[in-house]
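Me: I'm new to reading protein structures. Could you take a close look at the disulfide for me, and then link it to what lies around it in the chain?

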Amino acid sequence: MIARSLFVGVLLAVFSVAEPVPQGPSAGSAQKVEITVSDENGISVAAAHVFLQTSQQNIPLRCETDFAGHCQFDNLRPHEVYELRVEKEGFYASVLRSVEVEVSATINVTLSHQREVREVVNVVESPPAVDPEQTSSEEQLSGLDILNIPYPTTRDYRNALRFIPGVVQDNAGQPHIDGAETYQTLTLLDGFNITQPANDLLVARVSTDALRSVDVERSRYSAEYGKGSGGVLSLNTGIGEDHFRFSATNFIPSLQGKKGLRLDKVDPRFTVSGPLRKGKMWFFEAFDGEYDNIVVTELPSGSDQDTVWRIGNLAKLQMNFTRRNILIASFLINRFHDQHAGLSAFNPKPATPIDRESAEVATVKDQYYFRGGELLETGFGFVEYGLTQTPVGNLPYFVSTTTTGGSYYLSSHTTARRWQGLTNLYLPVHQWFGRHEVKLGIDLDRPLYRSFFLRQPISFLREGQSLPTNGTCLTVSSAPCSRYSVFPGGGDSATDNLEASGFIQDRWLMTNRLLLEPSLRFDWDEILRRNLLSPRLAATYVLNNEATTKFSAGIGILYDATSLFLIARPSEGERLDYFFDANGQLSGPPLLTTFVVDKKLLTAPRFVNWSVGLEKKLPASVYLRTEFLQKRGTEGFVYNTVSGAPSGTYLLQNTRKDRYDAVQVDLRKHFRENYTVMASYIRSRTRSNQVVDFSVDNPFFGPQVAGPYPWDAPNRFLSWGLLPLRKSLDVAYSTELRSGFPFSVLNTLQPGQPADSRRFPTYFALNLHLEKRFHLFGFSWAIRGGFNDITDHKNPAIVNGNVNSPTFSDFERRAFTTRIRFLGRK
């Protein structure tokens, strides 16, 4: 509390001494010019950097476009000739020379998105820059970065997220922003919430070729974004324009050499876009699919293969009814089938389930620009996720310290959906001791969760023992067994919620150097019925006239969304455990594990996050950024034992406390076109007083324990880049070096040491690829080949956790990979 108070005091003291800096010279007959910036589809471009300069000026006048794409220069000398330059990362720069100011006027500028194949030779990409008006700590991968960075399984954009500083991908493929649980991250697809409504995981798949950018706001983000203390992950996809375009990737099957030559995979991606009516209506279609033949080398031949198939398609339509009224609609569909989900050395074929998954995301958004300068944005979204798991047989299921066997114990079917409605109003810029940009909005959500579970008994075996011949431990000959679990309940259940949110924020540019962004958010939901207020404050201060050094700071209160998955846990069944001594006799009465929720006792998990950052342009256009971030979470949801309640009763409580601290240093150098090199180091620490996720499927029991989270990586170094070797031949690399993730060891299937007290080996991977671009038959092509994990460093993904001898498996090894892309006409 003292540290936060001191931080706020220093923040106000530093920023209160800033002197106003005029935008331009004054004159008796001074003129003004308003700049309006939009993209090739007429969508306003916010936060574009606009520079106005005469030949006599060393430092140009500058402004940044507001929410509606406007910015204004005042006090301009009449009859002066200027050069106007407009830039924003991800777009080609626009330069207008010999702009003469005679009377007050409006200049319309169109910025075009960067593309993989440039159609005009003399266009120039907007270079990186220190953004004086960006308050949030934001990281970005452009669509070209996602295509250029080499990493395993490039068809899944989630695997590219690990190359964003602050984002760690766990062994299940889920991202974690700055130590947070995945469900603590708000994930948006073109502005709509697409997190799984029940467990809030990131499961929606979008073709990597469809992405224009992936943005991560880690701290200092405004109150517009709530329901996620971890951060905001935004997936932004493309749209067609007035030229027809077609591209294709990986349309040729690949082979693998594991246990002989055999089919590896085919994972084609196709995109097509263009006008339905030039200047008025455009479409965009992005299809991706995959068929994988997975070989687990540790398993015997004939039982070592798994087949997976998946299809996905994103369809979008934009209609410009008028220049002031724009409608955008989209529909995303996913289908997934895994014949032996989770196949590994510890989970042989008979013990794996068939996994079927589905997802549908439908959105529509309308934007209307009023003549007075207001912008009204209204949208509706719908998401639905389905998951079905089915055992492949009916044999008794067993678990030992080294393997599983029999037929998978769980049959399940779940459906989670969300209806969302949102309205945002951007007010015109107004002046009062500086420039104010005010935005306010509301968000209504209706999440629902339906589930069905049917579980068969599980026999837990002692080390080195096998299942009794009759397939059950509840007999006189149960010496091999240490435990036998049955599962009462777990039939059909339904849980839903209603969420209402509102916010207001003000971007207050006090001077050309100082920007304050106060904001306030309100949240309420039907389950907790608590009125939650989240005030936040962020600021930036530019230290020099050239805007090459910027200091940022911010602090805010954030609340997490109410997890339907946790609220619904009592209806998903119970577990009855029988324990046996070494002679096979019952060691006592059975233990019933049950889960209880009393909504009246619950409140929303609360975080206080604060951070400071420094950005500076170094010599040779190298950009340095440093950040310090601290998160303190209280009243987190967790199931824990209750004093005075029967043993095995777990009550959902607000007793979890989380801590995260991180220091980050980044360096980035942009050369020309898309050639970039980035390096980042983060020192962090993630801890909680209660880390165990008790559930009916988690065999552990007992009180909660403290420790690190399973994705804690105290030391982490990242680097990636694309560099030219010669004309049309590039080299791309990526590397990650980090501490191994924590894991817990078991003693007869119970914790044998403190939670997450051991770690996987240090993780290291270096991926190195070459790419050749060429023209053939009047079209542009690109072919790539290279090695993932070229050093062949053994990076395990699974551990059995035996306290006596933990065994690692499912190693990432060196692999040669190729990619061919059809890029359209030259």
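Reply: The structure holds one disulfide, and please keep in mind that this is a predicted model. In general, a disulfide is a covalent bond between the sulfur atoms of two cysteines. Here the two partners are Cys 63 and Cys 71, with 2.2 Å from S to S.

Are these cysteines buried or exposed? Cys 63 has a relative accessible area of 8%, so it counts as buried, the limit being under 20%. Cys 71 is buried as well, because its relative accessible area is 5%.

Now look at strand 4, which covers residues 70-76. Strand 4 belongs to an open sheet of three strands, in the order 4-1-7 and with mixed pairing. Strand 4 and strand 7 (105-111) are the edge strands, and each of them pairs on one side only. On average, neighbouring strands of this sheet are turned by 20 degrees against each other, direction ignored.

Which strand does strand 4 run antiparallel to? That is strand 1 (residues 31-39), and five bridges join the two. One of the residues to find here is His 70 in strand 4, the bridge partner of Thr 36.

For a contrast in exposure, go to Leu 261, in the loop between strand 16 (254-256) and strand 17 (262-266). Leu 261 is exposed because its relative accessible area is 69%, and the limit for that word is over 50%. Leu 261 is one of the residues in a nonpolar patch on the surface, whose members together have about 670 Å² of accessible area.

How values were computed: Residues are numbered from 1 along each chain as its sequence is written. This is a predicted model: local features need pLDDT of at least 70, side-chain atom pairs count only at pLDDT 80 or more; totals for chains, interfaces and linings use all residues. Side-chain values use heavy atoms; hydrogens and water are left out. Patches are made of residues with over 30% relative accessible area and no salt bridge: like charges are joined within 9 Å, nonpolar side chains (Val, Leu, Ile, Met, Phe, Trp, Tyr) within 5 Å. Accessible areas come from the Shrake-Rupley method with a 1.4 Å probe; for residues, only the protein chains shown count as cover. A salt bridge is a side-chain nitrogen of Lys or Arg within 4 Å of a carboxyl oxygen of Asp or Glu. Helices (H or I, at least four residues) and strands (E, at least two) are DSSP runs, numbered from the N terminus. Buried means under 20% relative accessible area, exposed over 50%, partly exposed in between (1.4 Å probe, protein chains only). A disulfide is a pair of cysteine sulfur atoms within 2.5 Å. Two strands pair if DSSP finds at least two bridges between them. Axes are lines fitted to C-alpha atoms, for helices over the stretch in contact, and angles run from 0 to 180 degrees between N-to-C directions.
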